[in-house]
Amino acid sequence: MTGIVLAAAIAATNATSTIKLPAPQADSGVTVMQALKDRHSERSFSEKDIPMETLAGVLWAANGFNRPDKRTNATGMNKQEIVIYAIMKSGAFRYDAKAGELVKVTDEDLRGAIAAQQPFAAKAPVSLLITADLSDPIYQGKGPWSTLSHYDAGIVSGNIYLYCAANGLATVCRGSMDRASLKKGLNLPDTTFIHLNHPIGYPADGGKSK
Ligand SMILES: Cc1cc2nc3c(=O)[nH]c(=O)nc-3n(C[C@H](O)[C@H](O)[C@H](O)COP(=O)(O)O)c2cc1C
């Protein structure tokens, strides 16, 4: 899939509804110290697509498996309840980290629902939506564990920021969005909590505004 950009790859796979992601490239990027130095929120996006390798890389950094049964992101009590959706012009896809695939959920372009009151976010070619499957009983009621997934979502957001900083991509962590439209558009059950989103793309000004 090397060199194939997102839009072309997705158009080619519309019929099957799943996109096989390339394996993450462990030797890409910069040092952790440099990524921390460069990390910042960016709210100005080019509409240019990002390569499929890059999308695969940021998804893996966010929530991929780095051991047979554990992930790049820590989760309270190892519940691994975080589920990420890639929201794009061609539709919305659930990230199946185990299979290394994007599974199509809808053909609808939900980037407007992601952007809500901040139109800049709809320009980004992809937004990652960080949700949590709270069907496990520990998340029910008011016990001390019921809020664990909020911390877990924050860790995923940090991973996304660092990957983007290391790979010349613009992003911003956002709590703002139209949650009702996203719940409907993605057909999410009541046990799914919508935490945060990250528009991702190339910076409109080449990254000069940080
Ligand atoms: C939980 C959380 C929610 C946020 N929500 C939004 C948002 O809805 N819209 C936005 O433009 N920025 C949002 N931000 C980004 C912050 O405004 C930003 O991180 C802060 O201004 C510091 O800038 P920096 O990330 O460049 O250090 C959010 C950040 C966090 C951690």
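**Sheet and helix packing in a predicted chain**

Biologist: Of the contacts in the chain with a separation of 6 or more, what percentage is accounted for by residues 24 or more positions apart?
Modeller: The model is predicted, and a contact here requires C-beta atoms within 7 Å of each other. Among the contacts in the chain with a separation of 6 or more, the share due to residues 24 or more positions apart is 74%.

Biologist: Why is the chain said to be as compact as a globular protein of that length?
Modeller: The chain holds seven helices and nine strands. For 210 residues the globule rule gives 17 Å, and the chain comes close to this value, so it is as compact as a globular protein of that length. The radius of gyration behind this statement is 16 Å.

Biologist: What part of the 210 residues counts as buried?
Modeller: The C-alpha trace spans about 45 × 40 × 35 Å along its principal axes. A residue is buried if 20 or more other C-beta atoms lie within 10 Å of its own. Of the 210 residues, the part that counts as buried is 40%.

Biologist: In what order do the seven strands of the open sheet stand?
Modeller: Pairing in this open sheet is antiparallel. At the edges stand β1 (18-20) and β8, each with a single partner strand, so one side of each lacks a neighbour in the sheet. The order of the seven strands is β1-β6-β5-β4-β7-β9-β8.

Biologist: Which residue of β6 is the bridge partner of T18?
Modeller: Strand β6 (residues 101-106) runs antiparallel to β1, and three bridges join them. In β6, the bridge partner of T18 is V103.

Biologist: Which residue in β9 does T171 stand opposite?
Modeller: Strand β9 (residues 192-201) is joined to the antiparallel β7 (residues 126-133) by eight bridges, and to β8 (residues 170-171) by two bridges, again in the antiparallel sense. From β7, V126 has I200 as its bridge partner in β9. From β8, T171 stands opposite I200.

Biologist: At about what angle to β9 does helix α6 run?
Modeller: Helix α3 (residues 52-63) lies across β4 (82-88), β5 (91-96), β7 and β9, and makes an angle of about 155 degrees with β4. Helix α6 (residues 148-166) lies across β4, β7, β8 and β9. The angle of α6 to β9 is about 10 degrees.

Biologist: Is the crossing of α3 and α6 left-handed or right-handed?
Modeller: The two axes come within 7 Å and cross at roughly 145 degrees. The crossing of α3 and α6 is right-handed.

Biologist: How many residues in the contact of α3 with α6 are charged?
Modeller: From α3 the contact is made by G57, V58, A61, A62 and N63, and from α6 by V156, N159, I160, Y163 and C164. By class, seven of the residues in this contact are nonpolar and three are polar. The number of charged residues is none.

Biologist: Is N78 buried or exposed?
Modeller: N78 lies in the loop between β3 (70-71) and β4, and its phi is positive, about 50 degrees, although the residue is not a glycine. A residue is exposed if 12 or fewer other C-beta atoms lie within 10 Å of its own. Because N78 has 10 such neighbours, N78 counts as exposed.

Biologist: How many other C-beta atoms does N187 have within 10 Å?
Modeller: N187 belongs to the loop between α7 (179-185) and β9. Its phi is near 55 degrees, positive in a residue other than glycine. N187 is exposed, and the number of other C-beta atoms within 10 Å is 10.

Technical notes. Residues numbered from 1 in each chain as written. Predicted model: local features only at pLDDT ≥ 70, side-chain atom pairs only at ≥ 80, totals over all residues. Helix = DSSP H or I, 4+ residues; strand = E, 2+ residues; numbered from the N terminus. Rg over C-alpha atoms; globule rule 2.2 N^0.38 Å. Contact = placed C-beta atoms within 7 Å. Pairing = 2+ DSSP bridges. Axes fitted to C-alpha atoms, helices over the stretch in contact; angles between N-to-C directions. Left-handed = near helix turned anticlockwise from the far one by under 90°. Nonpolar A, V, L, I, M, F, W, Y, C, P; charged D, E, K, R; others polar.
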